[in-house]
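Trainee: Please take one part of this model and examine it closely, working outward from that part to its surroundings. I should like a single connected account, with the criteria stated for each term.

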Amino acid sequence: MKLLTVIFLLALTSATSALDNGLMRTPPMGWMSWERFRCNIDCENDPKNCISENLFRDMADRLAEDGWKEMGYDHVMIDDCWSSMLRDKDGRLQPDPQRFPGGIAKLARYLHDRGLKLGIYGDLGTHTCGGYPGTTLDKIDTDAQTFASWGVDFLKLDGCYSNEEEQQKGYPLMSKALNATGRPIGYSCSWPAYRGGLPPSVNYTLLGEICNLWRNYDDIQDSWDSVQDITDWFFDNQEILQPEAGPGRWNDPDMLIIGNFGLSVDQSRSQMALWAIMAAPLIMSNNLRTLSSEARAILQNGAAIAINQDPMGVQGRRLLQERSHIEVYWRPLSQSASALVFLSRRQDMPYRYHTSLAKLNYTAGSYEAYDVFTGKTLSGLSATTEFTVSINPSGVVMWYVYPKMHHEHTQDDGRYPYIRQKYRMSSSLRFHMPRVVPPSLL
Ligand SMILES: *[C@@H]1O[C@H](CO)[C@@H](O)[C@H](O)[C@H]1NC(C)=O
Ligand SMILES: *[C@@H]1O[C@H](CO)[C@@H](O)[C@H](O)[C@H]1NC(C)=O
Ligand SMILES: *[C@@H]1O[C@H](CO)[C@@H](O)[C@H](O)[C@H]1NC(C)=O
């Protein structure tokens with residue numbers, strides 16, 4: 001099948017209806033506490049790293065002051081272990097009084113004052129996974145109203161301690177209850193992860209109608225093994241999962257662990273590249289106070305982010321698994337552009353992989369390729385031009401590929417893909433550019 005046909009089919013089959021709250025037309029971005037800070041509630045001995053309002057305020061400061069917000073990372077998401085063990089006298093959830101003395105509404109205001117959004121965590125069931133009060137079916141309306149009254153912008157609803165029948169009822173009910181509050185609240189459903197992630201136990205048509213994103217699979221851990229396991233699961237099941245994503249409705253392979261302890265620099269680039277191909281939420285879980293400059297450069301790579309945030313919102317696919325243990329991934333993008341990722345699963349030395357765009361089913365024509373992690377541009381490519389990429393072990397080469405315009409304009413006139421403009425702006429303005437630059441404005 002030629003690439004244009006594939007794009008056409010992808011567009012046709014990609015799901016049309018999404019949850020009608022107007023939110024998350026591109027994958028959400030931000031920071032979440034779980035993978036890095038877990039359920040550390042020991043504020044007495046570990047005050048900087050315990051789940052408390054200070055941690056979330058600190059991360060909000062970093063997002064607002066270190067260039068993250070401008071790149072699109074605008075959510076601060078509280079995960080489990082924020083609440084008191086007891087509901088209040090009216091049956092409402094309340095934060096732990098020692099660790100969140102100011103309350104959640106005040107924390108939300110702190111974020112909103114900085115142009116950020118607040119996410120919170122709940123669990124459909126008798127208890128959260130960490131043993132805190134859960135949201136049983138009879139508490140759904142109360143909890144939705146409590147979150148809305150605090151000014152919360154996003155809810156992750158986990159699924160520990162509930163059965164299939166309760167989930168079948170509860171996840172759609174929470175969607176209705178959030179809508180009924182009148183406050184637009186992004187909604188992440190962990191439901192499929194509790195049902196094996198695949199049909200017939202999981203109905204992705206329904207999920208797309210009631211949730212903005214959903215965790216399909218296991219929690220990420222701080223290791224390359226975990227990143228590989230998640231990557232394999234998502235792409236092994238791409239025939240099922242890929243068509244379900246689209247604006248307002250996203251598969252969620254879980255948090256970015258870049259900047260922690262488990263990934264090398266090459267592996268960090270690989271996670272960023274694969275999550276961009278997957279149109280995955282870019283939700284970091286790391287310590288923004290002590291991030292290395294390498295980790296920051298990867299997470300703030302404007303081209304990788306622009307690929308992730310492509311307005312067409314089509315999730316990418318794995319094209320090839322070579323016997324050499326090189327894999328090729330591809331995502332169609334707006335303005336006839338596309339992204340390619342060459343991933344090495346080898347453990348020996350940089351591998352020189354030879355191919356051509358025609359071998360990857362690109363149609364005849366002239367192309368240019370921008371190398372996302374080196375910033376070099378390769379011009380004068382035709383579909384049949386043979387080229388070689390050198391891919392480090394457990395690393396990637398990532399390309400943004402766009403058709404070369406035939407017009408002999410000396411100046412960019414807006415017909416160039418918008419992403420190309422972004423690189424130029426990002427290098428001159430040091431990443432302080434608007435998140436999406438429509439070509440008509442350039
Ligand atoms: C290219 O298209 C052919 C024919 O549809 C298909 O068999 C092949 O797998 C495709 N190659 C890639 C790399 O997608
Ligand atoms: C609630 O749903 C209706 C109908 O789908 C939609 O028009 C409206 O924007 C939604 N409101 C919120 C706050 O999500
Ligand atoms: C999945 O959900 C959709 C939308 O609610 C519904 O129309 C369809 O019948 C469901 N499919 C199955 C197999 O239950």
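**A helix and the sheet it crosses**

Mentor: Helix α9 (residues 224–236) lies across β9, β10 and β11, and its direction is at about 100° to that of β9. Helices (H or I, at least four residues) and strands (E, at least two) are DSSP runs, numbered from the N terminus. Axes are lines fitted to C-alpha atoms, for helices over the stretch in contact, and angles run from 0 to 180 degrees between N-to-C directions. Contact itself means heavy atoms within 4.5 Å. The model is predicted: local features need pLDDT of at least 70, side-chain atom pairs count only at pLDDT 80 or more, and totals for chains, interfaces and linings use all residues. Residues are numbered from 1 along each chain as its sequence is written, chains are lettered from A and ligands numbered from 1 in the order in which they are written, and side-chain values use heavy atoms, leaving out hydrogens and water.

Within the helix, Thr231 is a useful point of reference. Thr231 belongs to α9 and is buried, having a relative accessible area of 1%; buried means under 20%, exposed over 50%, and partly exposed in between (1.4 Å probe, protein chains only). Apart from its neighbours within four places in sequence, Thr231 is in contact with Leu274, Trp275 and Tyr329.

The sheet beneath this discussion is open and consists of 6 strands in the order β9-β10-β11-β16-β13-β14, paired in the antiparallel sense. The edge positions belong to β9 (317–321) and β14 (377–382); each has a single partner strand, so one side of each is left without a neighbour in the sheet. On average, neighbouring strands are turned by 25° against each other, direction ignored. Two strands are taken to pair if DSSP finds at least two bridges between them.

At the β9 edge, Arg317 deserves attention. Arg317 is placed in strand β9 and counts as buried, at 15% relative accessibility. Its side chain makes a polar contact of 2.7 Å with the side chain of Glu239, and another of 3.3 Å with that of Gln242. A polar contact is a pair of N or O atoms within 3.5 Å; within protein, one must be able to donate a hydrogen and the other to accept it, and residues adjacent in sequence count only if both atoms are side-chain atoms.

Further into the sheet, β10 (residues 326–332) and β11 (residues 338–344) pair antiparallel over 7 bridges. Arg331 has Ala339 of β11 as its bridge partner. The loop between β10 and β11 holds Ser336, which is not a glycine but has a positive phi of about 60°. Most residues other than glycine have a negative phi. At 59% relative accessibility, Ser336 counts as exposed.

On its other flank in the strand order, β11 is followed by β16. The antiparallel strands β11 and β16 are joined by 6 bridges, and Leu343 stands opposite Val396 in β16. Strand β16 (residues 396–403) is mostly covered, with 7 of its 8 residues buried. Strand β13 (residues 366–371) also runs antiparallel to β16, and 5 bridges join them; here Ala369 stands opposite Val401 in β16.

The loop between β15 (387–391) and β16 contains Ser394. Ser394 likewise has a positive phi, about 55°, although it is not a glycine. Ser394 counts as buried, at 11% relative accessibility.

The wider setting may be stated briefly. The protein contains 14 helices and 16 strands, and buried residues make up 57% of its 442 residues. Of the contacts with a separation of 6 or more, 71% are between residues 24 or more positions apart. The exposed area of the protein is about 18,000 Å², of which carbon and sulfur atoms supply 50%; accessible areas come from the Shrake-Rupley method with a 1.4 Å probe, and for residues only the protein chains shown count as cover.
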